[in-house]
Amino acid sequence: MATISSAQSYDGDPRNDEVRVYVNGEFVHRDKAVVSVFDAGFVLGDGVWEGLRLVNGKLLSLDQHMDRLFEGAKAISLDIGLTRAQVVDAIMATCAENGFTHDTHIRLMVTRGRKTTPNQDPRFMASAATVVIVAELKRPRQALADKGLSLFTSTYRCSSPDVFDLRMNSHSRLNLIQALIQAIAAGADEALMLDPNGFVASCNSTNFFIIRKGELWTSPGLYSFNGITRGHVSRLFGEQVGPSLQKDFTLAQAYSADEAFVTGTLGGVTPVTRIDGHTIGDGKPGPLTREIARVYWDYVAKSCA
């Protein structure tokens, strides 16, 4: 895994090989963790998820993650079957079961549950919701911070909310995977995606930013992930570095940007140095990108002190 250059790459740990996974209230070795082939998540991608980070024994941006999880579940009429407090308890119990207190990335997955037959109708259910929690030791790869990512603009567009609302963390991700497959085939690390109007929207798994003349630009967010790290970085840049704007901008403006980067729960702030073969800035992570990365990780350390 260490040889893959991607916005989703990480430095792992041998202890991950023996991780015990939370599956509906029980802990199971990762090799034995299974759900039914009739599970709505397997059959249809019918569910919601969150990616969280444990730092110094504390869950980063916990309230925002729980808001997004429960809002998404409510939007698709999915009863998680647990209260917010019970979900948090299950996450912390999973980390404790594995002895993890720091540098831990957590994937919380909730599906509608086991179906009586593999069809779309949510009334054909044989069980309550399926809840799975995977905790692994994952650190952002320093090599990516030093080199930067290469992006390729996909022909697949970010969808409008009436087609598929990216602001909801749904298990359905095939269009984003298709975009990433294009990028990989083109020799890039991540796919850059446009909105239906042709403006730059987002990457396939991260939020995208550019810096022009000291200003930070990111899309207005209508066609992007509702990224929690995106929100922190936008705010922190405006408070401590320079003007921070949410606005429409074009690929040409991205190509000619002074700096660019992406954000996500796993990597925090990751520089971008090439887009569609165009060198961004001088081809190295820029000074303001390094500064906002420092500001962000300082914020994380203070939040989880």
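**Strand S6, aromatic contacts and cysteines**

In this predicted model, both faces of strand S6 are covered: Thr130, Val132, Val134 and Glu136 on one side are buried, as are Val131, Ile133, Ala135 and Leu137 on the other. The strand spans residues 130-137, and 8 of its 8 residues are buried. Pairing was assigned between S6 and two further strands, S1 and S5. Strand S5, residues 104-111, runs antiparallel to S6 and is joined to it by 8 bridges. Within this pairing, methionine 109 has valine 132 of S6 as its bridge partner. Strand S1, residues 20-23, also pairs with S6 in the antiparallel sense, over 2 bridges. Here the partner of tyrosine 22 is isoleucine 133 in S6. Valine 132 and isoleucine 133, the S6 residues named in these bridges, belong to opposite sides of the strand, and both are buried.

Aromatic contacts were examined next. The structure holds 5 aromatic pairs. One of them is formed by tryptophan 217 and phenylalanine 249, with a centre-to-centre distance of 6.1 Å and an angle of 50° between the planes, a tilted arrangement. This pair links distant parts of the chain, the two residues being 32 residues apart. Tryptophan 217 lies in strand S11 (residues 215-218), whereas phenylalanine 249 lies in the loop between strand S12 (244-246) and helix H7 (251-255). Both tryptophan 217 and phenylalanine 249 are buried. A second pair, tyrosine 296 with tryptophan 297, is edge-to-face, at 5.1 Å centre to centre and 65° between the planes. The members of this pair fall into separate burial classes: tyrosine 296 counts as buried because its relative accessibility is 2%, while tryptophan 297, with a relative accessible area of 30%, is partly exposed. Beyond pairwise contacts, Phe208, Trp217 and Phe249 form one aromatic cluster.

Charged side chains were also located over aromatic rings. Lysine 138 lies over the face of tyrosine 10, at a distance of 4.6 Å from the ring centre. In another such contact, arginine 235 places its charged end over the ring of tyrosine 299, 5.3 Å from the centre of that ring.

The cysteines were then assessed for cross-linking. A disulfide is a covalent bond between the sulfur atoms of two cysteines. The count in this model is 0 disulfides. For cysteine 95, the nearest cysteine sulfur is that of cysteine 304, 12 Å away, and cysteine 95 is in no disulfide. The assignment rests on a cut-off of 2.5 Å between sulfur atoms. Cysteine 95 has a relative accessibility of 1% and therefore counts as buried. Cysteine 304 is likewise in no disulfide, its nearest cysteine sulfur being that of cysteine 95 at 12 Å. Cysteine 304 is also classed as buried, because its relative accessibility is 2%.

A surface position was considered last. Serine 77 is found in the loop between helix H2 (62-75) and helix H3 (84-98). With a relative accessible area of 64%, serine 77 is exposed, since the exposed class begins over 50%. Between serine 77 and tyrosine 156, the C-alpha to C-alpha distance is 28 Å, and the two residues are 79 residues apart in sequence.

Conventions: Residues are numbered from 1 along each chain as its sequence is written. This is a predicted model: local features need pLDDT of at least 70, side-chain atom pairs count only at pLDDT 80 or more; totals for chains, interfaces and linings use all residues. Side-chain values use heavy atoms; hydrogens and water are left out. Buried means under 20% relative accessible area, exposed over 50%, partly exposed in between (1.4 Å probe, protein chains only). Helices (H or I, at least four residues) and strands (E, at least two) are DSSP runs, numbered from the N terminus. Two strands pair if DSSP finds at least two bridges between them. Rings of Phe, Tyr and Trp (its six-membered ring) pair if their centres lie within 6.5 Å; planes under 30 degrees apart count as stacked, over 60 as edge-to-face and the rest as tilted. A charge sits over a ring if NZ of Lys or CZ of Arg is within 6 Å of the ring centre and within 35 degrees of the ring normal.
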